[in-house]
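This report describes a protein structure for a reader who has not met it before. Please look over the sequence and the model, then read on.

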Amino acid sequence: MMATHLPLPLRPAWQAALKHFEEVENHTLGELFAADPQRGERFSLEWDGLYLDYSKNRITAETLPLLARLAEECGLGERIEAMFSGQAINLTEKRAALHTALRLPPQARLVVDGVDMVPQVQAVLERMAAFAGRIRSGEWLGFTGRPVRSIVNIGIGGSDLGPVMAYEALKAYSERTLALRFVSNVDGTDFAEAVRDLDPAETLFIVSSKTFTTQETMTNAHTARAWCLEALGDERAVSRHFVAVSTNAQRVAQFGIDPDNMFGFWDWVGGRYSLDSAIGLSTMIAIGGENFRRMLAGFYAMDQHFLSAPFTENLPVILGLLTVWYTDFFGARSQAVLPYDQYLKRFPAYLQQLTMESNGKSVTRAGDLVTYHTCPVFWGEPGTNGQHSFYQLLHQGTQLIPCDFICFAQSLNPLGEHQDLLVSNVFAQAEALAFGKSADTLRSEGMAEWLVPHRTFHGNRPSNVLLAERLTPEVLGKLVALYEHSVFTQSVIWDINPFDQWGVELGKALAQRIVPELQSPEAPSLAHDSSTNALIHRYRRLHRG
């Protein structure tokens, strides 16, 4: 069904979904399960080693088909094809969003503007693998002739969150003789603590900045350069202890990095979608080229599933539709992602950027103000830590917060009954959120009446459970692509551009104006608001002691 130009709330499918919502909003999950003893099997989907149980959502058999019809009416199928074919769907920046080309297999072809993208992508991957192999084998030597033992990735945003998340997620597959550190914050403490116990003669810095002008990244890079030269004492050392992930060969050379050690990517690779580009060089060094390729294969498998599966049997589409369902119909303002695997401890932080930088928008692609809610706040922590932190709010707070639980049947570090205890908590938490514990049940157990209100769990709180056999490079690729495409699905329905991020620019521009006002030896003439002016004056007094 072709997309129309009607505003979202006026679309027939939206109106049908709204009417359906009014019919089901008062049904409880307890009632829905009681009415269908096979609900757990009916509302689940297994694909290529991933099992999604979405039965504990406040939906009926009619809900997903209605939301799928909305997706069709909004042109999701056409938009998917446009993205994968390399059309310039990032309208405000006039370029494609072709991160899916980064994980195409070598034998594939993708011609955009008369150029096959695949050979270019594969050439960069081969250069990355060759370089990673030299580091891992000890062939690459620092300026004093000693092999590299420590890698420090300097980046910010997608140039940091992706690599550090993937490194932590796949640490079990990493070369343990190499120490990997990640520096992103312009706060000097981040750099100081990252290098405190490192030997400059054995340290390699990867500076990741597309333009080689990103303020935070280049500030940290120049600090790293000074730290290195203070110990090694020769400008020639820079070329042995720094490499770049960038497209600006001139600035890279000016910094002292040999352009032969610059790994490029393309303007159609957005920062938060760049993990599987050269931005992932630090991850590849850690886990090796073969495991990196396995991760790319997982991405590609999910891409093909997203491209081909019917919407009601499509994992990313289902997750995306459910987010729209809770955001716009139930009024949910946040969503929790709860990985029950310590290796995924940085996955929620990674998803924060992927989801909120993509869909935290309030205007449509045409520039009109939206009249509905878009992206919820994404947040989370690995289990079971979160259970002793914020689960109180999930169970008995006043907000409806849908949850995604992620878990694995096998641990990469099997120890006694640890995995059974871990996964039992996943299933128990999802069950408790869904069904709660009623006041009548508490009374039947002899609970004192005054305590009953405090111990009542109303339940009816939705969740998904994603279960796989074990965390592998392929599975990580599938999980990341799953959420990438879920985010895209949401953006199509909300009619927003998920590939720009103008909201981060204003604060950065104002900061550039304030820096010289903080550093000026004389009290500057300030033209900010009274609050900002007062803060600048107070900082100057305190900073100078």
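## Nonpolar cores

In this predicted model, the largest nonpolar core has 127 residues. The members that touch the most others are Trp-268, Phe-347, Leu-476 and Tyr-483. The element that gives the most to this core is α20, with 12 residues.

Phe-347 shows what such a position looks like in detail. Neighbours within four places in sequence aside, Phe-347 is in contact with Met-165, Val-337, Ile-406, Leu-479, Val-480 and Tyr-483. Tyr-483 thus appears twice, as a contact of Phe-347 and among the core members with the most partners.

A second core is separate from this one and has 26 residues. Among them are Ala-221, Leu-232, Val-238 and Phe-242.

## Salt bridges between distant parts

Charged side chains also pair up: the structure holds 24 salt bridges. One of them joins Glu-202 and Arg-146, with an N to O distance of 3.1 Å. Glu-202 sits in the loop between α8 (188–195) and β7 (203–208), and Arg-146 in the loop between α6 (117–137) and β5 (150–154), so this pair ties together parts 56 residues apart in sequence. Glu-202 has a relative accessible area of 23% and is partly exposed. Arg-146 is partly exposed as well, at 33%.

Arg-365 and Asp-495 form another salt bridge, their closest N and O atoms lying 3.0 Å apart. This pair, too, links distant parts of the chain, 130 residues apart. Arg-365 belongs to the loop between α15 (347–359) and β11 (377–379), while Asp-495 belongs to the loop between α20 (473–494) and α21 (505–519). Both partners are partly exposed: the relative accessible area is 33% for Arg-365 and 24% for Asp-495.

## A further pair and a network

The side chains of Glu-193 and Arg-196 also meet in a salt bridge, at 3.2 Å from N to O. Are these two residues buried or exposed? Glu-193 is partly exposed, at 46% relative accessibility. Arg-196 has a relative accessible area of 58%, which is over the 50% cut-off, and therefore counts as exposed.

Some charged residues are linked beyond a single pair. Which residues are linked in a network of salt bridges? They are Arg-103, Asp-276, Asp-303 and Glu-484.

Methods
Residues are numbered from 1 along each chain as its sequence is written. This is a predicted model: local features need pLDDT of at least 70, side-chain atom pairs count only at pLDDT 80 or more; totals for chains, interfaces and linings use all residues. Side-chain values use heavy atoms; hydrogens and water are left out. A salt bridge is a side-chain nitrogen of Lys or Arg within 4 Å of a carboxyl oxygen of Asp or Glu. Helices (H or I, at least four residues) and strands (E, at least two) are DSSP runs, numbered from the N terminus. Buried means under 20% relative accessible area, exposed over 50%, partly exposed in between (1.4 Å probe, protein chains only). A nonpolar core is a set of buried Ala, Val, Leu, Ile, Met, Phe, Trp, Tyr and Cys residues joined through side-chain atoms within 4.5 Å. Contact means heavy atoms within 4.5 Å.
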